[in-house]
Amino acid sequence: MKLSLSLLVSACLLALSVGSSVASDVVPAVVTAPVSAPDVSQLGEIIDLRSGQRMTAEQLLDHLAAAPRVIVGEQHDQLSHHRIEQWLLQQLQGRRPQGSVLLEMLNPDQQAKVEQAKSWLQGHPQATPDQLAQQLAWQASWKWDQYGALVMEAMRAPYPVWSANLDRSEIRQMFVDKPGVQGKFSNLANDAQVQGKLKDIIRAMHDNQIDEPRLAAMLAIQQQRDRRMAERLLAAPAPALLVAGAYHAQQDLGVPLHVRDMTGGAAPLVLVLARQGATVSRAQADLVWFTPTADQ
């Protein structure tokens, strides 16, 4: 059974939320040294969902710096979210050495290119973001004008950068095989707490025009991607920070459930970035940073 390109893209980008386009001139043409991220500390509103209280950006950094594993869930098409992520990386590195950063946007078949590009950047201080994108064989589905500054920040830093996704060849095979996941927390099919919610999300993203075989395949792919991210996060040098789509980050649906399956312990600390007006509950995240509806 051959996977069509449209279905493959849908499977790869399940966590994508539709938003406004962003001009490509937001990434500087030449980077001679690590560039300070825009100061986003006063942008929007940060809430500690565990207490319901507002937080300052400094208080947020204190919480993140103390956690061995952090997941930041983003809306992929929001430039403000990528600027916050870049700012977080810079600020956290100043508070304690960062062990590793993992990106949903990188596949396993790019990992060797990541290592080569890190070494290449050391000898090429005048390298441009476009040159880095070529070195990484960056995937066009992740818009470089959105991610370039964030990726350059991580690649120039001293810590390792790890891929966290599945390869396209794996996704094609999973579309055929529909592998399930086994786990106390991630496989609650009987009461539909996890798989039922994910199916509802997939249906909604396809305007309820999706047949059961495709729905089952896309559910399997989504959960296998969550499982892969959890495996990578647990294996990565700590303190580790994973950047992924908000559905992957959610405590009640995504990577945290698989971490709990594999460790029997606590879930990673979850920070969700969301546009103002969105609903984010305590069941979904520990912390939320609401950003303006007009992307910045």
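Among contacts in the protein chain between residues at least 6 apart in sequence, what percentage join residues at least 24 apart? The figure is 76%, so keep the long-range pairings in mind as we walk through this predicted model. 

Let us begin with the chain as a whole. It has 296 residues, and buried residues make up 53% of them. Its secondary structure comprises 11 helices and 8 strands. The mean pLDDT is 88, and 86% of the residues reach 70 or more. One stretch deserves caution: over residues 1–33, pLDDT stays under 50. For that stretch the model has 74 contacts beyond four places in sequence. Where pLDDT is low, the predicted coordinates should not be read in detail.

Now turn to helix α6, which spans residues 144–156 and bends by about 25° at L150. How many of the 13 residues of α6 are buried? The count is 12, so the helix is largely enclosed by the rest of the structure. L150, where the bend sits, is among the buried residues, as are W144, D145, Q146, Y147 and G148. The buried set also includes V151, M152, E153, A154, M155 and R156. Charged side chains are part of this list too, with D145, E153 and R156 among the buried residues. What do these residues pack against? Their partners are the strands β3 (69–74), β4 (100–103) and β5 (161–163), together with the helices α3 (79–93), α4 (111–122) and α5 (129–136).

Moving along the chain, we come to helix α7 (168–177) and the loop that leads from there to α8 (195–205). F175 lies in α7, and its relative accessible area of 2% is under the 20% cut-off, so F175 counts as buried. The C-alpha atoms of F175 and A217 are separated by 4.9 Å, although these residues are 42 apart along the chain.

The loop between α7 and α8 holds both K178 and P179. K178 has a positive phi of about 50° although it is not a glycine. Most residues other than glycine have a negative phi, and most peptide bonds are trans. With a relative accessible area of 30%, K178 is partly exposed. P179 is also partly exposed, at 27% relative accessibility. Leaving aside neighbours within four places in sequence, P179 is in contact with M174, A220 and Q224. P179 and Q223 are 44 residues apart in sequence, and their C-alpha atoms are 9.1 Å apart in space.

A further positive phi is found at D207, in the loop between α8 and α9. The angle there is about 55°, and D207 is not a glycine. Is D207 buried or exposed? Its relative accessible area is 62%, over the 50% cut-off, so D207 counts as exposed.

Beyond α9 (212–235) and before β6 (240–245) there is another backbone feature to look at. A cis peptide bond joins A238 and P239, with omega about 0°. P239 has its place in the loop between α9 and β6.

Next comes helix α11, residues 255–263, where V255, P256, L257, H258 and V259 are buried. What covers these buried residues includes the strands β3, β6 and β7, along with the helices α9 and α10. β3 has appeared before, as one of the elements that the buried residues of α6 pack against. After α11 comes G264, whose phi is positive, near 70°.

Our last stop is the largest pocket, which contains about 300 Å³ of space. Its lining has 15 residues, and A246, Y247, Q250, T279 and V280 lie nearest the centre. Which elements each supply at least two residues of the lining? They are α10 (246–249) and β7 (269–275), with β7 giving the largest share, 4 residues. For anyone thinking about the chemistry of the lining, the classes divide into 8 nonpolar, 5 polar and 2 charged residues. α10 and β7 also help to cover the buried residues of α11, which ties this pocket's lining elements to the helix we visited just before.

Notes: Residues are numbered from 1 along each chain as its sequence is written. This is a predicted model: local features need pLDDT of at least 70, side-chain atom pairs count only at pLDDT 80 or more; totals for chains, interfaces and linings use all residues. Side-chain values use heavy atoms; hydrogens and water are left out. The bend at a residue is the angle between axes fitted to the seven residues ending there and the seven starting there. Buried means under 20% relative accessible area, exposed over 50%, partly exposed in between (1.4 Å probe, protein chains only). Contact means heavy atoms within 4.5 Å. pLDDT is the predictor's confidence in each residue, from 0 to 100. On a 1 Å grid over the protein atoms alone, a cavity is a set of points where a 1.4 Å probe fits but cannot get out, and a pocket is an open set with protein on both sides within 12 Å along at least five of seven lines; lining residues have an atom within 4 Å of a point. Grid points are joined across faces, edges and corners, and a volume is the space filled by probe spheres set on the points.
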